[in-house]
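Dear colleague,

I am passing on the structure below, together with an account of what turned up when I went through it. Please read the notes with the coordinates open beside you.

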Amino acid sequence: MMSKVGADDAGKSSPTPKPDANKLWIHCNRCFDQFALKRHMFFLLACQHVSCEKCVKACLGRTPSDAPIYTCPICHKNVRGRQINNSMPNNLKRLFHPEPWNLALDFVETFQRTNQKHFNKYKEKKEKIMDKLDKDIELAQLVCQKHFHEQQTLRVERRKLTLRMRQIKLQVAKQKEAERRFLMSKRRRSMEEHTGPASVLAIDPLDSRAPTSFRNRMPPPQSAAAENRRQQITSFAHESNNSFDL
């Protein structure tokens with residue numbers, strides 16, 4: 001009973017291999033699309049190259065039953081080809097055997113090892129590109145963070161400058177108001193010095209002794225003839241009342 005439980009636990013702990021794990025090396029030698037993804041049909045060409053249906057070019061043979069002729073996208077030779085599936089001949093199908101070391105066939109191991117190296121080079125190239133992109137992304141993030149902090153600093157400086165500008169405007173307005181009051185008080189003092197503080201309010205604007213600035217504020221006096229012309233009003237002529245009865 002214990003042995004059965006132990007066997008069950010061992011079976012549960014060991015991961016089951018994926019059915020397509022031994023097919024990951026099968027790929028198109030031109031576009032590196034993988035056969036395990038099952039997105040396209042794949043062909044084994046007589047030149048020992050593997051190609052997908054997108055990359056290979058085919059033309060019909062001499063007869064409808066004859067195998068088609070393909071143009072290899074790698075070596076550009078016109079060769080025969082077979083679709084990679086379970087119905088292909090055994091002598092070609094064993095090239096894709098999941099355990100080639102059990103076949104004791106050197107050309108099978110050589111074929112699989114060559115394709116594996118070719119695909120590994122492609123993966124290394126892509127990994128280098130991904131590493132470079134990761135570094136570029138990190139650099140871009142650092143630059144963006146630096147620009148963000150600079151922008152925040154500029155916003156704070158802008159707020160400070162806006163407040164400072166408002167304070168300066170208030171100070172300028174207060175200074176102008178103080179200057180205006182100072183000039184008014186200075187003029188008042190000058191008038192008091194010439195006419196006296198008590199007679200400033202009772203000063204006659206027509207008096208020649210009044211200051212020039214005070215006389216300029218009053219309207220100019222009008223002459224007597226002009227005053228008479230303004231007062232004369234023209235009325236209707238009144239004739240004598242000669243009433244009578246008919």
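A search of the whole structure finds zero disulfides, and since this is a predicted model, you may want to look at the cysteines yourself. The sulfur of Cys47 has its closest cysteine sulfur in Cys72, at 3.5 Å, which is too far for a bond, because a disulfide requires the two sulfur atoms to be within 2.5 Å. The sulfur of Cys75 likewise has Cys72 as the site of its closest cysteine sulfur, and there too the separation is 3.5 Å and too far for a bond. As for their surroundings, Cys47 is buried, with a relative accessible area of 19%, whereas Cys75 counts as partly exposed at 26%.

The overall architecture

The secondary structure of the chain comes to five helices and five strands, and, read from the N terminus, these elements follow one another in the order α-β-β-β-β-β-α-α-α-α. The chain has 246 residues, of which 17% count as buried.

Two residues with positive phi

Two residues that are not glycines deserve a look at their backbone. Lys38 has a positive phi of about 55° although it is not a glycine; this lysine is placed in the loop between α1, which covers residues 2-13, and β1, which covers 42-45, and Lys38 is exposed, its relative accessible area being 62%. His76, also not a glycine, has a positive phi of about 60°; His76 is found in the loop that runs between β4 (69-71) and β5 (78-83), and at 61% relative accessibility it counts as exposed.

Surface patches

Which residues gather in a patch of negative charge on the surface? They are Glu124, Glu127, Asp131, Asp134 and Glu138. One of them, Asp134, has its place in helix α3, which spans residues 106-195, and Asp134 is partly exposed, with a relative accessible area of 38%.

There is also a nonpolar patch on the surface, formed by Ile129, Met130, Leu133 and Ile137, which together have about 350 Å² of accessible area. Of its members I looked further at Leu133, which lies in helix α3 and is partly exposed, with a relative accessible area of 41%.

Salt bridges

The count of salt bridges comes to five, and I describe some of them here, beginning with Glu109 and Arg113, whose side chains meet in a salt bridge with an N to O distance of 3.5 Å. Both residues lie in helix α3, where they are four residues apart, about one turn of the helix. Glu109 is partly exposed, with a relative accessible area of 25%, and Arg113 is partly exposed as well, with a value of 42%.

A salt bridge also links Lys132 with Asp136, and here the closest N and O atoms are 3.2 Å apart. This pair, too, lies in helix α3 with a spacing of four residues, about one turn of the helix. The two partners fall into separate classes of accessibility, for Lys132 is exposed, with a relative accessible area of 53%, while Asp136 is partly exposed, with a relative accessible area of 35%.

Arg181 forms a salt bridge with Glu177, and the closest N and O atoms of this pair are 3.2 Å apart. Because Arg181 and Glu177 are four residues apart in helix α3, about one helical turn separates them. Arg181 counts as exposed at 54% relative accessibility, whereas Glu177 is partly exposed, with a relative accessible area of 27%. This pair does not stand alone, as salt bridges that share partners join Glu177, Arg180 and Arg181 into one network.

If you take up the model from here, the cysteines may be a convenient place to begin: Cys72 holds the closest cysteine sulfur to that of Cys47 and also to that of Cys75, yet the search of the whole structure finds zero disulfides. After that, helix α3 would be a sensible second stop, with Asp134 of the negative patch, Leu133 of the nonpolar patch and the pair of Lys132 and Asp136 among the residues to display.

With best regards

Key: Residues numbered from 1 in each chain as written. Predicted model: local features only at pLDDT ≥ 70, side-chain atom pairs only at ≥ 80, totals over all residues. Heavy atoms only, no water. Buried < 20%, exposed > 50% of the residue type's maximum accessible area, 1.4 Å probe, protein only. Patch = residues over 30% accessible without salt bridge, like charges linked within 9 Å, V, L, I, M, F, W, Y side chains within 5 Å. Areas by Shrake-Rupley, 256 points an atom, 1.4 Å probe, with all protein chains shown as cover. Salt bridge = Lys/Arg side-chain N within 4 Å of Asp/Glu carboxyl O. Lys, Arg positive; Asp, Glu negative; His and termini not counted. Charge placed at Lys NZ, Arg CZ, Asp CG, Glu CD.
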